[in-house]
Amino acid sequence: MTDGYALVIGSMGIEVKAYAPQPLGAVNAGIVRNTLGGGARNIAENLARLDVATTLLSAVGVDGAGRRVIRWMRKVGVDCRHVRVVSEGRTANFISLTNERGEPTMTIYDTSIMEHVDANYLWKHEPLIEKAALLVIDATLSDEAIATAFEIADRYGVRVCADPTTPALAGKLRPYLDQMYLVIPNAAETTALCDLQPVDRESALEAARKLVSLGALIAVVTMGEIGVAYAHGSGSGFIRAKATQVVDPTGAGDAFTGAVIFGLLNHVSEDEAMRLGMTAAALTLQSKDTVFPGLTQELLYDKLVV
């Protein structure tokens, strides 16, 4: 069983996905749907569905979107008592134009409310960080907030997992690689972190080893349909992606991260944790939901990628 709780800090909000067949004009008929989103939120829900006690630190506005996301997170078992509600703020929104495979071709996001998850807010919640089994942060935090999160975690010896979030934001985490227990970038985010450009199995393994050489204890480079490369102090490995009928790719990376954290918190080997992550990602790829609603520990092991 997991000891203690995971503390997740980062964005939460509403994600809108829109698809219209080519060619696009000024006005297009298509399919538009919305769901809950935000990297930190997605990871937190995956953890909660795997029976990991999870607390979320974030910010929402006094609006319908904020009420909706908090209500849902409480329903799935995430502790949202410390989420900051900002009267003058807008709950985060993520809008993606997708292709016929559900892959985003353009994304516009508004996470300006994350400026309220600042250093003072984190210091106020220092006791939560002190007692956490693991701290998870995404890169929507400001530079000052990221520095504060690592400072507090270092003070109490709390392990930190970092989600680079996007290639544009990933570079903010680069100065802290030597303080990371776990970092999970995709190929483009890896380039922002260590200047390597993984394109295949061997270059991904090289990049994972490079991140470990820069100080990360465990580094995972996700390569989409190719698979994942990982490295740690005792070695490295590569797991090929399982052939999967993709319904919607959104959230698969966050499912991977959540399941890997679940495994590591339950003291499984790094190799098994990666297989748990691959399994959760495959399940999510087959779902229209950002987090696979049927995710459980039992299902994860029943479908375990081998």
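Eight strands build an open sheet in the order 4-1-9-10-11-12-13-14, with mixed pairing; strands are DSSP runs of E, at least two residues, and helices are runs of H or I, at least four, numbered from the N terminus. Two strands count as paired if DSSP finds at least two bridges between them. This is a predicted model: local features need pLDDT of at least 70, and side-chain atom pairs count only at pLDDT 80 or more, while totals for chains, interfaces and linings use all residues. Residues are numbered from 1 along each chain as its sequence is written, and side-chain values use heavy atoms, with hydrogens and water left out.

**The eight-stranded sheet**
- Its edges are strand 4 (54–57) and strand 14 (235–240), each pairing on one side only.
- Strand 14 runs antiparallel to strand 13 (residues 227–232), over six bridges, and Y230 sits opposite G237 in strand 14.
- Helix 8 (residues 201–213) packs on this sheet and touches strand 12 (218–222), strand 13 and strand 14 (contact: heavy atoms within 4.5 Å).

**The four-stranded sheet**
- Here the order is 3-2-7-8, an open sheet with mixed pairing.
- Strand 3 (31–37) and strand 8 (104–110) are the edges, each pairing on one side only.
- Strand 2 (residues 13–19) and strand 3 run antiparallel, joined by seven bridges, with E15 opposite T35 in strand 3.

**Helix 9**
- Of the 14 residues in helix 9, 13 are buried, so this helix is largely enclosed by the rest of the structure (buried: under 20% relative accessible area, 1.4 Å probe, protein chains only).
- Just after helix 9, H267 has a positive phi of about 65°.

Definitions and conventions
Axes fitted to C-alpha atoms, helices over the stretch in contact; angles between N-to-C directions. Buried < 20%, exposed > 50% of the residue type's maximum accessible area, 1.4 Å probe, protein only.
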